[in-house]
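Biologist: Could you take me on a close look at the cysteines in this protein, and then show me how their surroundings are put together? I am new to this, so please go step by step.

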Amino acid sequence: MIRFLVPVLNGLFALVSFLLLTGGTILHFGRAKIEFSTLDLWALLFVASVWAVRRWNPRGFEKSWPALAWNWITDAKNSQTWAWRVCVFFFAMIFLAHGVKHLGFETHLWDMVPVHQGLFNPWPTAKTRVFACDACIGLSTLGEHLTFSFFLLAPFTWILKSDTFIFLVQVLILGFPLYYAIRTRLEPKLWLTVLLIFLCQRTLRNAGIWDFREDDLAYFGLFFMILGFHRQNWLVFFSSLVLALLSKENIFAVTLVFSVSILLSRESGVDRRRRVQVAAAVALISLFYAWLSFKVLIPKFVGIAGAQHPISARLSTFGKTPGEILLRVFTEPGRLFGLIYQLIVTPDALKYLVFLLGPVAFFFRSREAFVWLIPATAGIAMNLISSASTQRMLQFHYDLIIVPFLVWAAMLGIRDLMKSPARGKPVLAVGLLIALCFSGRWPGFTITHSWPETGEARAAHAFSTLQGDEPTASNASIAAHLTHLPRLTTMNAPFGDPAKPFWTKLLNLNPKTDPRDRGRSLREASRVVLDTHEDWERDFLKELLSKNGKVEMAIPGDANDPRWVVVRLPKPIGQL
């Protein structure tokens, strides 16, 4: 029995490596299928086999593939040479996965329009507002969130109007601070191992595959706040503070708690007097910007009395307006902590915390590590008390304001652990194995299983060539490819009384709304983009053609049928 353990271990090592590098696959057997993609289960079996072989066949383990691989990646020369290559490889996979998903029409209105349309149309005109966004409150990205940091990207995105460029910026924003922190704070022999541990953070990878949001820039700013503080580079520190605050209105909560870590940090090399000064400055700047955001800027950019800001919608337990919520959080902290406690003991919250902290919690081993976990509690609390379950799915951007602190705390623990290499190296290996057990699916799975059909890629390119400032209507999937247009409206399938005319049902479902509120009306559209594979859109096409609509563009699908059709109308739909 013992002699078969090493081949089993080698086989599991090969499978885990395959899943990590390629994302795995799905094997189909008629109606049945076996999925080899999620790493968690196979990593657990791999860990069990490592333990078994080390216990019952230690000599065999020394010659096994995992042992040889471990010795290779912890060699100082190999680690230094390959760390940047591995970093580039995985973030290139994330970039490709996002691009493939978009080309395959697996992105949605809410993935793309709130940010991309605003970045492509950042300057106000007679017909649009600053950072024009037709899916946003107040018809501006700033009506959803105070993303003033987007002005740094606006000159480039306005000229290029390229989704691919934004995807590229996104992976650079995510990957560069992570690699820079590892390279500047740890010994070269640790670079590759520690990078692999942090790449096991599924929320970091998933955020790059899904939507680019304001949290990406906040993540970048928070990361360089930490680095600037420890290097005592105050220009970098305060510039990064401003970048983080100007990325989203709720970041003040993170930077405010950040000041506590500054006060308590004893191993940063910053003297106590300077820490008190910096902490006080950060707290005052954060509080001032919170007041400015909630009392002045949010009401200005929401632009309509009674419209509900996303902060109000998700934290409605504390009040009806952002200002009221902010006041209650500060004046009734017991209520806040009570709610957090109630939510932590739910299965949903426990699962969220386990998979968020699991890849790195093993390395929280020192007082200083726990000091730098304190700011992470602000982001975790916001996700726990939110009414939106998407904030606890580890799938989107919501955890990016937490990740820099998890990474830094783990790095501090690893640094202390490796002060004794003989004891630390085996413990580091255990930490890597544990991290793999929480890592889920890797980017290659999205690439292989979301690969676009030829017709989809053709349609995505054709939509990018549409020009003009007339309001253009489409379904939510197509709208994700029309973000370069300054005025958009989306439409939903009509339903209800079958006796009512199709046209009446459609316009009743997409009613006229206040132009300052979220979204434009379908009645304003004078150009419509349709997917004729949808029955109701095929019916809509017939209605438009009967009202003198002209086909401007027809794009064939894979069967060479005109699947996507662009129809230009003689006047807005509401006037036909």
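Modeller: Happy to help; we will begin with the cysteines and then move on to the nonpolar cores, the surface and the charged pairs. Please keep in mind that this is a predicted model.

Let us start with the bond itself. A disulfide is a covalent bond between the sulfur atoms of two cysteines. This structure holds 1 disulfide, and the partners are Cys133 and Cys136, with 2.1 Å from S to S. If you look along the S-S bond of Cys133 and Cys136, the torsion is about 70°, so this disulfide is right-handed. Where do the two partners sit, buried or exposed? Cys133 is buried, with a relative accessible area of 0%, and Cys136 is also counted as buried, at 0% relative accessibility.

Now turn to Cys200. Why is there no bond from this residue to Cys437? The closest cysteine sulfur to that of Cys200 belongs to Cys437, and it lies 9.0 Å away, which is too far for a bond. A disulfide here requires the two sulfur atoms to be within 2.5 Å. Cys200 is buried, with a relative accessible area of 0%. Cys87 is buried as well, with a relative accessible area of 9%.

From here we can go to the nonpolar interior. The largest nonpolar core has 137 residues, and those that touch the most other members are Leu178, Phe198, Tyr219, Phe237 and Ile262. Helix H22, residues 403–417, gives this core its largest share, 11 residues. Take Phe198 as your example and find its partners on the screen. Setting aside neighbours within four places in sequence, Phe198 is in contact with Leu178, Ile182, Leu204, Val360, Val407, Ala410 and Met411. There is also a second, separate core of 21 residues, and Leu109, Ala459, Ala460 and Ala476 are among them.

Nonpolar side chains can be found on the outside too. Trp123, Phe151, Phe156, Trp158, Ile159 and Leu160 form a nonpolar patch on the surface, and together they have about 630 Å² of accessible area. Pick out Trp158, which is found in helix H8, residues 154–160. Trp158 is partly exposed, with a relative accessible area of 41%.

Let us finish with the charged side chains. The count comes to 16 salt bridges. One of them joins Asp211 to Arg213, whose closest N and O atoms are 3.1 Å apart, and both Asp211 and Arg213 are buried. Another brings together Glu368 and Arg367, at 3.8 Å from N to O. In that pair, Glu368 is buried, with a relative accessible area of 2%, whereas Arg367 is partly exposed, with 37%.

A further salt bridge runs between Arg568 and Glu552, and their closest N and O atoms are 3.1 Å apart. This pair links distant parts of the chain, since Arg568 is in strand S7 (residues 562–568) and Glu552 in strand S6 (residues 550–556), 16 residues apart. Arg568 is partly exposed, at 32% relative accessible area, and Glu552 is partly exposed too, at 36%. Finally, look for Glu267, Arg415, Asp416 and Lys419, which are linked in a network of salt bridges.

Conventions. Residues numbered from 1 in each chain as written. Predicted model: local features only at pLDDT ≥ 70, side-chain atom pairs only at ≥ 80, totals over all residues. Heavy atoms only, no water. Patch = residues over 30% accessible without salt bridge, like charges linked within 9 Å, V, L, I, M, F, W, Y side chains within 5 Å. Areas by Shrake-Rupley, 256 points an atom, 1.4 Å probe, with all protein chains shown as cover. Salt bridge = Lys/Arg side-chain N within 4 Å of Asp/Glu carboxyl O. Helix = DSSP H or I, 4+ residues; strand = E, 2+ residues; numbered from the N terminus. Buried < 20%, exposed > 50% of the residue type's maximum accessible area, 1.4 Å probe, protein only. Core = buried A, V, L, I, M, F, W, Y, C linked by side-chain atoms within 4.5 Å. Contact = heavy atoms within 4.5 Å.
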